[in-house]
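Please examine the structure shown below. The paragraphs after it explain how some of its helices pack and how its chains meet.

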Amino acid sequence: MSATLPLSPAAPMPAASAPSRSYWAVVWRQLRRDPMALAAASVLLIIVAAAVFAPWLAPADPYKASMIKRLLPIGSEGFLLGTDELGRDLLSRLMYGGRLSLLMGVVPVLAAFGIGTAIGLFAGYVGGKLNMVIMRVLDVFYAFPSVLLAVAISGALGPGMSNSLIALTLVFVPQVVRVAESVTTQVRQLDYIEAARMSGASAFSIIRVHVLGNVLGPVFVYATGLLSVSMILASGLSFLGLGVKPPEPEWGLMLNTLRSAIYSNPWVAALPGLLIFVTSIAFNLLADSVRSAMDIRR
Amino acid sequence: MFAYILKRLLYAIPIALSVTVVSFILVYLAPGDPLNAIAPADAPEEVITALRSAYGLDQPVPVQYGLWLMRAVQGDLGLSIATGREVTSEVLSAVGNTLLLAGVAALIGVVAGCILGALAGYRHGSWIDRVATALSVVGVSIPHYWLGLVLTIFFSIWQPWFPAMGAGPGGSSEWQWDLEHFRYLVLPAVTLSVIPMGIITRTVRALVADMLAQEFVTALRARGLSGIAVFRHVAKNTAPTVLAVAGLQIGYLMGGSILVETVFAWPGTGFLLNTAIFQRDIPLLQGTILVLCMFFVALNLLVDILQPLIDPRMGRA
């Protein structure tokens, strides 16, 4: 994705620390009128609420196993969505599982958003040789397919939740840096930055007041697009056994441990993956809507 | 043209080198002394020291890298800790299966994506456009390890048309070009093809719609060219971009196949990576990653070189 700058030379930006309130009001109104955005947001809201309030909503203890109640089908008495291979209530595990799955999907994107924006702003604002060196070093990461990079890093660090979070963050940072750097480089050459510099503003305050507001929009749009990828990759790492460890409930891991049940109870086995899919598609549709809502300034 | 190819080749060298650096660093990311993975825990001090100098681990890190690179260039990637066999032969026997899977998946994805995308671009706003757009969103959002499971449930358990495990009858890992082996390829390849299909549908749709709105198309139509002749012009103009996107996707498939290979017990590099990770077999992990990434670099180079053959304007830049 190329980061397009929501700027036109004829209409100079209101040089405020953030785009004017009316801009966000317009974006918000646009989103509220978009049925796809509303649908995606409601689905996400339900999933997030079910995960957050799992201790109050879940009908059973997600860790309580029962040898005689293993792999009950969907709609069994007392077990609305059946039970898993150890006889644990699947609905409760799916609700609790959302906590770790969402956390592992969202945290790397947030971390990459912060780290990547900072590096990109720095590289773009400094410019010159240092910028080139930083960008060439980050180019190395583009020589790796992203799944392979994530698997390689978390494989070398060893299985575990924090290691896979680190691996995913490392996969996303270079991508965010690229977006932030390209916008910063474009903005840096504009006249009002020159004017601010001549009036004696420090580099830090120029970045904070004049550059950041321009960079955040495109980076935010890019990061929302990453959420879906991150969900799939994070659950994929747990599916491979690289992320969350049993008996913690997590969708990717549940999908893996239930794989042995696809012959006896296929629908129960497919449920955790369905949730990953629904969450990921909702993130994707929401990201598309946000992108088109924020492009209105162009 | 020659200068262009030379420039691309020269540009690929630092990238290939940096890939080797990252692969080399993987060993140092692994917690603990790399020797712990090689030597038994109760080995006496002399044995440890001897091993340390035998592996060159008593040298400074840059020297170690140089030595490792020299050996790697000669095709020596060390010994696997898990199996005791040479990493190079292990990787080479598995990488063929991965390339086959990724290649067939890419072929399905690219062909289906081009057809869907072109139809959607031509009939902008019609029901076919909406179906293609929905399919492409599903393609990029679906966790393919789950899709593999669902396809297995439908086409291997419910309707036992295709086998769900392995790459050939009797658990053989040697690929052969016959119908029996081909049946084993269907489910994993279709599973893996949805990502490139989604992305290429999206790309082609946007390109075609954009192209049809341009003046040269109106001019061609005004001159009385038939629909097929106009389409030929549109196709020629979209080809370079589609090639670039498709090339990148095949590369991603080689990495992404690790999940699908796990689902279908496909005997490729994904299986090797799994073994390497859970047996803490760092040389095997390093070797597999290195070989896969070299294929990725080579593929990107190939795309860069092929592009000006389709669009001569690029070669002059």
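In this predicted model, helix H9 of chain B meets H10(B) through a small set of residues: B:Val217, B:Leu220 and B:Arg221 on the side of H9(B), and B:Val230, B:His233 and B:Val234 on the side of H10(B). Sorted by class, the residues of this contact are 4 nonpolar, 1 polar and 1 charged.

Two quantities help in reading such a contact. Packed helices are described by the angle between their axes and by the distance between those axes. For H9(B), which covers residues 215-222, and H10(B), the axes come within 10 Å and cross at roughly 160 degrees. Angles over 145 degrees count as roughly antiparallel, and therefore H9(B) is roughly antiparallel to H10(B). The crossing of H9(B) past H10(B) is right-handed.

A second pair of helices can be read in the same manner, now in chain A. Helix H7 (residues 161-188) and helix H9 (residues 203-239) of chain A pack with their axes 9 Å apart, at an angle of about 155 degrees. Because of this angle, H7(A) is roughly antiparallel to H9(A). Their crossing is right-handed. Among the residues that H7(A) brings to the contact are A:Leu168, A:Phe172, A:Val176 and A:Val183; those from H9(A) include A:Val215, A:Val219, A:Tyr222 and A:Leu226. The contact of H7(A) with H9(A) has 17 nonpolar and 4 polar residues, and no charged ones. The spacing of contacts along a helix has a general background: an α-helix has 3.6 residues a turn, so residues three or four places apart point the same way.

Another helix of chain A deserves attention for its course. H11(A) runs over residues 266-294, a total of 29 residues. From its first C-alpha to its last it reaches 42 Å, close to the 42 Å expected at 1.5 Å a residue. At A:Pro272, H11(A) bends by about 35 degrees.

It remains to consider how the two chains meet. Which residues take part on each side? In chain B, 41 residues are in contact with 36 residues of chain A. On the side of chain B that touches chain A, the elements giving two or more residues are the helices H1, H6, H7, H10, H11 and H12 of chain B. H10(B) gives the most, with 8 residues. By class, this side of chain B has 33 nonpolar and 8 polar residues, and no charged residues.

Definitions and conventions: Residues numbered from 1 in each chain as written. Chains lettered and ligands numbered in written order. Predicted model: local features only at pLDDT ≥ 70, side-chain atom pairs only at ≥ 80, totals over all residues. Helix = DSSP H or I, 4+ residues; strand = E, 2+ residues; numbered from the N terminus. Expected span 1.5 Å × (residues − 1). Bend = angle between axes of the 7 residues up to and from the residue. Contact = placed C-beta atoms within 7 Å. Nonpolar A, V, L, I, M, F, W, Y, C, P; charged D, E, K, R; others polar. Axes fitted to C-alpha atoms, helices over the stretch in contact; angles between N-to-C directions. Parallel < 35°, antiparallel > 145°, perpendicular 65-115°, else oblique. Left-handed = near helix turned anticlockwise from the far one by under 90°.
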